[in-house]
Protein chains: 2
Amino acid sequence: MSLVVVGSVALDSVETPSERRDDILGGSAVYFAYAASFFSKVHLVGAVGEDWPGEHTTLLDRRGIDTAGLQVVRGGKTFRWRGRYLPNMNDRETLDVQLNVLDTFQPQLPEALRRCEFLFLANGTPVLQQQVLAQVTGPRLVVADTMDLWIRTQHAELMKLFKKIDGLVMNDAEARLLTGDENLVRAGHAIRALGPKFVVIKKGEHGAMFFSEHETYVLPAFPTSEVVDPTGAGDSFAGGMMGYLAAQGNFEPRTLKEALAYGILVASYNVEDFSLERLKSIERADLDRRMQAYRKMLSF
Amino acid sequence: MSLVVVGSVALDSVETPSERRDDILGGSAVYFAYAASFFSKVHLVGAVGEDWPGEHTTLLDRRGIDTAGLQVVRGGKTFRWRGRYLPNMNDRETLDVQLNVLDTFQPQLPEALRRCEFLFLANGTPVLQQQVLAQVTGPRLVVADTMDLWIRTQHAELMKLFKKIDGLVMNDAEARLLTGDENLVRAGHAIRALGPKFVVIKKGEHGAMFFSEHETYVLPAFPTSEVVDPTGAGDSFAGGMMGYLAAQGNFEPRTLKEALAYGILVASYNVEDFSLERLKSIERADLDRRMQAYRKMLSF
């Protein structure tokens, strides 16, 4: 089942209380695609500049990720993000953002991807997300991410987007900001009432919550003592979830819950090192082993 | 299996963003005992003043809670706590504390309780907790709670206490304060290394984590949209947990996990109204029904 992600491809500079990395491979579409690739073929659509190290594309290609939709903008520079994590390793401050090629990026899906069945609209302006959506014919499942900035500045467009998507993924702070409700159970259902058939609220170290018409549940994060860099946790979560759904070819309630669990587990590996370092060191079998431990943890 | 709780009995005044109640029934021993009473006989040891409304004792008596150890101090006044919850309903500020009879309270266990098998030392000075412990002969399971104030001001005594107990229950902020580690998995095991055979870290709306030599797990809170008053959530959690353990008469790993789950569910009811109001309106069968839903939520 074809899975497409449209989102950012970035060079990140990350400071944690104990370490620092400059210009490392990042971006929502990259984390998503790599996470999804444990389960399914995935097509990445994004843009980079001429400064983009070819080795990163090679890495994704070797992984079986289709990078035909990764446009190299002539004369352009790659999107850069610099951030610093607070000691709790959950909150972070953005120190610098250079949009570069993303400033004018108008994603054009290659013809072959316009009939994709599973589409993930990673964080981007809701206008751009709708433009991408308009290029797709008859997708079976469209899921979007968003961020606080668009909730604050592009509310009307976000509301339009919500009416066109099947699923929405956002974090707890964004859900509270959007609804003005501190209670995440009420917030989740309130957001669902804005359009999406299901809503997933990511809670970082506390796991994720799922809301549909008939279901409300929460799954905890996999307890890990090694949190080195949380960057990309949310996107690798979404990638694991969507990759599993695409592989199963359905989104029945049971499959959705398994997908949420796989998303949580991919994210639990992702945070154990910078960039894709930890994910590069594991295989699907590692995820399945952790899944076994996770299921055992939750059964009694 | 006999279960004893030693702790505070209070008249609380609680402000939430939308409501306020004055001089309502509260205190760690009260919440604990009521929660435990869904599962097991429980003996309450504490002190109140002459201003104590007899109806509260009647309520506990009718519930089958043994209040023979509830001492009414002549000429004394009951412990009072006044607090206000922030809009997130998780953080709170203490506005006023009047220790009153607790200032000089030296718990004396009635002779019949000195051979109790299960003992819960609710929050109190670690010196006092050790004095209570010294009165007990051959208990099978001793679990203690503590608070940030003792971590800050009575560290040495707390360390002595930790070496004498089987289990320790504390919240996430306290675990981080005690260890200086923001990562709760590392913090939990670090605290276990200080003495207790097992440690439970309560995370409020995010559930609870369990640490023993061979086990690390987290169970989420039961998702509820009705959080009216979180006061007593931690104590009712502990009461549900210990009540279930006492009823089962063992603390095998499997029983401990079930006990943790029951603790989470009693607490999920407790927060749905002020004081004991919600717990007074439910029966064991309601807990078992919620347990069924909880198990279903966690299986996939």
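**Sheets, packing and chain contact in a predicted two-chain model**

In strand S7 of chain A, A:Asp96 is the residue that stands opposite A:Arg82. The model in which this pair is found is predicted. The pair belongs to the ladder between strand S6 (residues 79–85) and S7 of chain A, where the two strands run antiparallel and are joined by 6 bridges. In general, the strands of a sheet pair through backbone hydrogen bonds, in either the parallel or the antiparallel sense. S6 and S7 are part of an open sheet of 4 strands in chain A, with the order S3-S2-S6-S7 and mixed pairing. Its edge strands are S3 (20–26) and S7 (92–98) of chain A, each of which pairs on one side only. Averaged over this sheet and with direction ignored, neighbouring strands are turned by 20° against each other.

Chain A as a whole contains 11 helices and 13 strands. Its radius of gyration is 18 Å, close to the 19 Å that the globule rule gives for 300 residues, so chain A is as compact as a globular protein of that length. Along the principal axes, the C-alpha atoms of chain A fill a box of roughly 55 × 40 × 35 Å. Buried residues make up 51% of the 300 residues of this chain. Of the contacts in chain A between residues at least 6 apart in sequence, 65% join residues at least 24 apart.

Strand S4 (residues 43–48) of chain A is mostly covered, with 6 of its 6 residues buried. In a regular strand the side chains alternate between the two faces of the sheet. Both faces of S4 in chain A are covered: A:His43, A:Val45 and A:Ala47 are buried on one side, and A:Leu44, A:Gly46 and A:Val48 are buried on the other. S4 of chain A pairs in the parallel sense with strand S1 (residues 3–6) of chain A over 3 bridges. Within that ladder, A:Val45 in S4 is the bridge partner of A:Val6. S4 of chain A also runs parallel to strand S5 (residues 66–72) of chain A, to which 5 bridges join it. A:Val45 has A:Gly69 as its bridge partner in S5 of chain A.

In chain B, an open sheet of 9 strands has the order S5-S4-S1-S8-S9-S10-S11-S12-S13, with mixed pairing. The edges of this sheet are formed by strand S5 (66–72) and S13 of chain B, each pairing on one side only. Neighbouring strands here are turned by 15° against each other on average, direction ignored. Helix H8 (residues 233–248) of chain B packs on the sheet, and the strands of chain B that it touches are S1 (3–6), S8 (118–121), S9 (141–145), S10, S11 and S12 (208–211). The direction of H8 makes about 170° with that of S8 in chain B. Within the sheet, strand S10 (residues 167–171) and strand S11 (residues 198–202) of chain B pair in the parallel sense over 5 bridges. In this pair of strands, B:Ile201 in S11 is the residue opposite B:Met170.

One residue of helix H2 (residues 54–62) of chain B, B:Leu60, was examined for its surroundings. B:Leu60 counts as buried because it has 23 C-beta neighbours inside 10 Å, the threshold for burial being 20 or more. When residues up to four places away in sequence are not counted, B:Leu60 touches B:Ala33, B:Leu44, B:Ile65 and B:Thr67. The C-alpha atoms of B:Leu60 and B:Tyr34 are 7.3 Å apart in space, although the two residues are 26 residues apart in sequence.

The contact between the chains takes 28 residues from chain A and 27 residues from chain B. On the side of chain B that touches chain A, the elements that give two or more residues are helix H7 (184–192), strand S13 (216–219) and helix H9 (253–270) of chain B. The residues on this side of chain B divide into 14 nonpolar, 8 polar and 5 charged. Chain B is superposed on chain A by a rotation of 180° with 0.0 Å of shift along its axis, at an RMSD of 0.0 Å. This is the relation of a two-fold axis. The same surface serves both copies, since 100% of the contact residues of chain B recur in chain A.

Notes
Residues numbered from 1 in each chain as written. Chains lettered and ligands numbered in written order. Predicted model: local features only at pLDDT ≥ 70, side-chain atom pairs only at ≥ 80, totals over all residues. Contact = placed C-beta atoms within 7 Å. Nonpolar A, V, L, I, M, F, W, Y, C, P; charged D, E, K, R; others polar. Least-squares fit on C-alpha atoms with pLDDT ≥ 70 in both. Rg over C-alpha atoms; globule rule 2.2 N^0.38 Å. Buried ≥ 20, exposed ≤ 12 C-beta atoms within 10 Å, placed from the backbone. Pairing = 2+ DSSP bridges. Axes fitted to C-alpha atoms, helices over the stretch in contact; angles between N-to-C directions.
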